[in-house]
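This report describes how the parts of one protein chain are arranged in space. Please keep the sequence and the structure in view while reading.

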Amino acid sequence: MSDPTTPLSSDPGAIPGIASNLPAVRMQTVVGAGVLLTALALALGALDIPSNAGYGGVGPNFLPWLVAAVLGLCGCVLLWEARTGGFHAMEEPNGAARADKPAWVWVSAGLLLNAALITTVGFILSCTLCYVLAVQGLRRAAGQNAGTARTWAVDGLTGVLISAPVYWTFTQFLAINLPGLTQTGWL
């Protein structure tokens, strides 16, 4: 594996560091292109959303177009930075040398289960499950003791205390339908 601080050229004026590391610059270009492609995908998806103006003169497609435009701008800036020598003024990476794959699996499982179960068990329970699994992954990545029953219970209670008020705010005060466990609008 190459040293990220080794300059690629033998030029004495070359600045050592990640900006002059060709593999790093290639990966930074891939990141910028990925962000730009994501913006393009969002823009293509926004084409299917109706544009008729609603409250305040903006239609339902306003926010997707705004997000696509800002993300596209970020992608362009990332590509420009990568192609002009790499991300400038980048700090040295901190933390582990490699990604914590088990923690990533915990967080990913939380997100995927939330998406899969939200219409079955309702918003509150699926978001609580997502929170509990994501926090388990983050605790394990930080080296904390995450396997105790008390930790699971505290995380579950915290997840309910976060997701229930969000659900009630959307369903009761903003009249936005979210999947619930019952038809009452409170669970």
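A43 has a relative accessible area of 15% in this predicted model, and because buried means under 20% relative accessible area, A43 counts as buried. The residue belongs to helix α1. Leaving aside neighbours within four places in sequence, A43 is in contact with W65 and A68. Along the chain, A43 and W65 are 22 residues apart, yet a distance of 6.1 Å separates their C-alpha atoms.

**Helix α1 and helix α2**

Helix α1 covers residues 22–46, and helix α2 covers residues 62–83. Besides A43, helix α1 contains T38 and G45. T38 is partly exposed, with a relative accessible area of 41%. G45 is also partly exposed, and its relative accessible area is 35%.

On the side of helix α2, L71 may be considered. Its relative accessibility of 24% places L71 among the partly exposed residues. If neighbours within four places in sequence are set aside, L71 is in contact with V35, T38, A39 and L42.

The following table lists C-alpha distances for pairs of residues from this part of the chain.

| Pair | Separation in sequence | C-alpha to C-alpha distance |
|---|---|---|
| A43 and W65 | 22 residues | 6.1 Å |
| L71 and V35 | 36 residues | 6.8 Å |
| T38 and A68 | 30 residues | 8.0 Å |
| G45 and P64 | 19 residues | 8.2 Å |

**The chain as a whole**

How many helices and strands does the chain have? There are five helices and zero strands, and the pattern along the sequence reads α-α-α-α-α. The chain has 187 residues, of which 26% are buried. Contacts between residues at least 6 apart in sequence can be examined for their span: 50% of them join residues at least 24 apart.

**Helix α3 against helix α4**

Helix α3 comprises residues 101–121, while helix α4 comprises residues 123–141. How do the axes of these two helices lie relative to each other? They come within 8 Å and cross at roughly 175°. Because of this angle, α3 is roughly antiparallel to α4.

Many residues take part in the contact between the two helices. From α3 they include A103, W106, V107, L113, N114, L117 and V121, and from α4 they include F123, S126, C127, C130, L133 and R140. By character, the residues of this contact divide into 17 nonpolar, five polar and one charged.

N114, which is found in helix α3, illustrates the contact in detail. Is N114 buried or exposed? N114 counts as buried because its relative accessibility is 15%. Apart from residues up to four places away in sequence, N114 touches S126, C127 and C130.

C127 can be viewed from its own side as well. With the same exclusion of residues up to four places away in sequence, C127 touches N114 and S163.

**The largest nonpolar core**

C127 is also part of the largest nonpolar core. Which residues make up this core? It consists of five residues in all: F123, I124, C127, A164 and Y167. Helix α4 and helix α5, the latter covering residues 149–173, each supply at least two of the core residues. Helix α4 gives the most, with three residues.

**Aromatic pairs**

Two aromatic pairs are found when the whole structure is searched. One of them is formed by F123 and Y167, which are stacked. A pair of aromatic rings is described by the distance of the centres and the angle of the planes. For F123 and Y167, the distance is 6.0 Å centre to centre, and the angle between the planes is 25°. Since planes under 30 degrees apart count as stacked, the pair of F123 and Y167 is placed in that class.

The pair links distant parts of the chain. F123 lies in helix α4 and Y167 in helix α5, and the two residues are 44 residues apart. Both F123 and Y167 are buried, and both belong to the largest nonpolar core.

How values were computed. Residues numbered from 1 in each chain as written. Predicted model: local features only at pLDDT ≥ 70, side-chain atom pairs only at ≥ 80, totals over all residues. Heavy atoms only, no water. Core = buried A, V, L, I, M, F, W, Y, C linked by side-chain atoms within 4.5 Å. Buried < 20%, exposed > 50% of the residue type's maximum accessible area, 1.4 Å probe, protein only. Helix = DSSP H or I, 4+ residues; strand = E, 2+ residues; numbered from the N terminus. Contact = heavy atoms within 4.5 Å. Axes fitted to C-alpha atoms, helices over the stretch in contact; angles between N-to-C directions. Parallel < 35°, antiparallel > 145°, perpendicular 65-115°, else oblique. Nonpolar A, V, L, I, M, F, W, Y, C, P; charged D, E, K, R; others polar. Phe/Tyr/Trp six-rings, centres within 6.5 Å; stacked < 30°, edge-to-face > 60°.
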